[in-house]
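Biologist: Hi! Could you walk me through this model, one question at a time?

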Amino acid sequence: MLAAASLVTFLLVHLVPVDPAEAYLQASKIPVTPSAVAAARMELGLDQPWAVQFANWLWRVLHADFGFSYLSRQPVWQEMMTHMPATLELTAAAICWVMMLALPIGIYTALKRGTLADQAGRLFAYIGASLPSYWIGYLLLYAFALRWNLLPVTGSGTFAHLLLPSFTLALGHIAIVSRLLRSTLLEELNKPYVLYARARGLHERTIFWRHVLRHALAPVVTAIGMSAGHLLAGAVLVENVFAWPGLGRYFVTAVFSRDYPVIQCYVLLLTAMFVGANLLVDVVQIMLNPRLHAVKGGSRR
Amino acid sequence: MEPEALLHVQDLKVGVRVGKRMKFVIEEVSLMIRRGEVLGLVGESGSGKSLICAALLGLLPPAADVQAGQVLLESIDLLRLPPKRLRQIRGAQIAFIPQNPMTACNPSLTIGQHFLETLRAHGNSGSKRERLECAVAILEQVGLPRAGQIVGLYPFELSGGMLQRVLIALAAVLQPKVLVADEPTTALDPDNQELVLSCLRNLCAEHKMGMLLVSHDLHLLSRCARQTAVLHTGRIVESGLLCDVMRDPQHAFTRALVNAAVSKV
């Protein structure tokens with residue numbers, strides 16, 4: 001998975017029509033002359049065959065060496081790591097929002113289906129899922145930071161700084177997850193085991209919290225895990241709106257100045273995080289579902 | 001002397017909303033079950049057997065509604081109880097055995113946990129260990145080997161026949177007065193059918209429970225029930241001692257059922 005991603009990442013940069021050597025010179029503010037380009041090619045190893053370039057690159061990547069940024073001339077990996085905590089903080093806060101809001105909304109709208117509250121939840125979901133985050137981000141900024149002066153405009157550092165960007169990032173996911181939870185809950189409530197639990201005289205709240213919710217959460221856990229990857233990627237837009245000093249903003253700067261090593265590192269890192277998030281989801285699924293871990297052998301007869 | 005009625009259904013009428021109209025699917029059904037007696041309710045699919053079971057337990061689907069009648073358990077009318085009281089009675093005094101044991105169980109709870117929560121819901125305040133001992137004792141009573149191990153297993157780790165007997169034990173664990181079994185053997189092969197039927201028969205005789213045994217198969221009922229009632233399109237068309245009904249069926253529909261049952265032997 002990661003190997004394929006690394007190949008694509010490598011090729012991506014070399015397939016665009018701009019010569020990396022020229023990009024390097026421009027980013028380094030060196031006048032682009034034929035001799036300078038030739039020198040840059042030598043320096044960057046661009047004169048070697050592609051396969052050799054790829055092998056060299058891959059070897060260095062495996063040692064966490066992504067080369068030097070054309071722009072700052074600092075090691076890319078080191079710069080990535082200084083920007084990483086801010087993005088992780090933002091993403092983690094967004095996941096908190098999703099869990100804090102989507103779960104109660106999903107449960108409430110499922111229990112009160114057909115009522116005004118359910119309709120309101122549906123409307124909220126449509127709005128939340130369809131509005132682009134950069135637009136919502138500016139609206140929230142205008143309302144909370146400029147108009148009512150409740151929260152800081154941009155920047156990072158305090159908890160108050162975190163609220164708006166993380167909520168902006170989370171909004172679409174809150175909408176999707178709450179609708180998903182509602183529909184899986186309603187589906188579970190119609191299953192025969194619920195009727196049988198009632199026939200045994202169990203309390204309604206036992207049936208709901210212990211039986212139904214537990215089963216309905218399985219697909220929701222998957223969705224939240226998947227959205228962790230999307231949140232990291234979605235942070236690109238939100239970080240630029242809120243001037244959040246994370247990976248996303250670093251990446252956009254790199255794109256504009258064609259800072260190839262940075263772009264490659266970012267894409268590969270994001271792929272790794274996607275894969276990691278999915279792995280985590282599988283582990284949680286196994287913990288939630290006894291059918292996946294109860295294959296202990298010898299117990300069946 | 002005939003023992004007194006344990007469960008007495010009088011003139012039960014159930015309607016189902018279809019659009020704005022009310023369609024009556026159960027009309028003037030009366031049934032009587034005495035202590036220690038098995039009443040076989042027989043009818044084709046769609047005749048309303050399962051709806052009668054649901055009505056007895058107060059678990060009709062939202063679209064269905066009881067229009068008239070009484071369901072007397074001893075002298076309490078179950079249809080007029082507030083939901084809270086009815087919940088206390090369900091499982092404790094009138095217990096249900098489902099048609100398909102696999103879908104009825106919660107796949108992520110062990111057999112033991114099913115017992116624990118049922119006992120707990122009906123006010124058994126004993127320790128977890130005492131309640132589990134209760135479960136093991138009743139599992140042994142329905143003839144399941146290695147009951148101590150079964151409580152630690154998940155439903156999908158048992159065969160259908162074993163699981164159905166587990167659910168019979170689960171229904172009997174609180175010593176209810178009446179068992180309602182809705183086609184308990186339909187999902188099983190013939191060997192397991194026999195095991196389940198004898199298990200039900202013994203349990204009723206031993207604990208003096210009444211049982212409503214629902215089936216579409218008169219032949220199967222004849223191995224278990226003494227009394228029978230024949231349900232056809234929501235009405236009881238014939239009832240009485242099963243042997244009399246088998247020997248001399250009055251209604252055309254009953255005759256068809258008897259013929260089907262005889263051809264099976």
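Below, we go through a sheet, some loop residues, the chain contact and two helix pairs.

Biologist: Before we start, what kind of model is this?

Modeller: Happy to say so up front. Local features are described where pLDDT is at least 70, and side-chain atom pairs count only at pLDDT 80 or more. The model is predicted.

Biologist: In what order do the six strands of the open sheet in chain B run?

Modeller: The pairing in this open sheet is mixed. Its edges are strand 6 (94-97) and strand 10 (235-241) of chain B, each of which pairs on one side only. Averaged over neighbouring strands, the turn against each other is 15°, direction ignored. Reading across chain B, the order is 6-7-8-3-9-10.

Biologist: How many bridges join strand 3 of chain B to strand 8 of chain B?

Modeller: Strand 8 covers residues 210-215 of chain B, and strand 3 runs parallel to it. One place to look is Leu41(B), which stands opposite Val214(B) of strand 8. The number of bridges between strand 3 and strand 8 of chain B is five.

Biologist: And which residue of strand 9 of chain B is the bridge partner of Leu41(B)?

Modeller: Strand 9 (residues 227-232) of chain B also pairs with strand 3 in the parallel sense, over five bridges. Within that pairing, Val42(B) faces Val230(B). For Leu41(B), the bridge partner in strand 9 of chain B is Ala229(B).

Biologist: Which residues of strand 3 of chain B point the other way from Val38(B), Gly40(B) and Val42(B)?

Modeller: In a regular strand, side chains alternate between the two faces of the sheet. Strand 3 (residues 38-43) of chain B is mostly covered, with six of its six residues buried. So both groups are buried, and the residues that point the other way are Leu41(B), Gly43(B) and Leu39(B).

Biologist: Is Glu183(B) buried or exposed?

Modeller: Glu183(B) sits in the loop between strand 7 (178-182) and helix 8 (190-207) of chain B. Most residues other than glycine have a negative phi. Glu183(B), not a glycine, has a positive phi of about 45°. Because it has 20 C-beta neighbours inside 10 Å, and 20 or more is the cut-off, Glu183(B) counts as buried.

Biologist: How many other C-beta atoms lie within 10 Å of Lys208(B)?

Modeller: Lys208(B) belongs to the loop between helix 8 and strand 8 of chain B. Although it is not a glycine, Lys208(B) has a positive phi of about 55°. Lys208(B) is partly exposed, and its count of other C-beta atoms within 10 Å is 14.

Biologist: Which helix of chain B gives the most to the side that touches chain A?

Modeller: The contact takes 20 residues from chain A and 24 residues from chain B. On the side of chain B, helix 2 (83-89), helix 3 (101-104) and helix 4 (111-121) each supply at least two residues. By class, that side divides into 12 nonpolar, eight polar and four charged residues. With three residues, the helix of chain B that gives the most is helix 4.

Biologist: Which residues does Pro192(A) touch, leaving out those up to four places away in sequence?

Modeller: Pro192(A) lies in helix 9 of chain A. Pro192(A) is partly exposed, as 15 other C-beta atoms lie within 10 Å. The residues touched by Pro192(A) are Pro98(B), Asn100(B), Thr103(B) and Ala104(B).

Biologist: How are helix 9 and helix 10 of chain A oriented to each other?

Modeller: The axes of helix 9 (residues 192-199) and helix 10 (residues 204-241) of chain A are 11 Å apart, at an angle of about 150°. Their crossing is right-handed. The contact is made by Tyr193(A), Val194(A), Ala197(A) and Arg198(A) of helix 9 and by Ile207(A), His211(A) and Val212(A) of helix 10. Since angles over 145 degrees count that way, helix 9 and helix 10 of chain A are roughly antiparallel.

Biologist: Last one: how many nonpolar residues are in the contact of helix 5 of chain A with helix 12 of chain A?

Modeller: The axes of helix 5 (residues 76-111) and helix 12 (residues 260-288) of chain A come within 10 Å and cross at roughly 55°, which makes these helices oblique to each other. Helix 5 of chain A contributes Val76(A), Trp77(A) and Met80(A), and helix 12 of chain A contributes Pro261(A), Val262(A), Cys265(A) and Leu269(A). With no polar and no charged residues in this contact, the nonpolar count is seven.

Notes
Residues are numbered from 1 along each chain as its sequence is written. Chains are lettered from A and ligands numbered from 1 in the order in which they are written. A residue is buried if 20 or more other C-beta atoms lie within 10 Å of its own, exposed if 12 or fewer, and partly exposed in between; C-beta atoms are placed from the backbone. Helices (H or I, at least four residues) and strands (E, at least two) are DSSP runs, numbered from the N terminus. Two strands pair if DSSP finds at least two bridges between them. Axes are lines fitted to C-alpha atoms, for helices over the stretch in contact, and angles run from 0 to 180 degrees between N-to-C directions. Angles under 35 degrees count as roughly parallel, over 145 as roughly antiparallel, 65 to 115 as roughly perpendicular and the rest as oblique. A crossing is left-handed if the near helix is turned anticlockwise from the far one by less than a right angle, and right-handed if clockwise. Two residues are in contact if their C-beta atoms, placed from the backbone, lie within 7 Å. Ala, Val, Leu, Ile, Met, Phe, Trp, Tyr, Cys and Pro count as nonpolar, Asp, Glu, Lys and Arg as charged, and the others, Gly among them, as polar.
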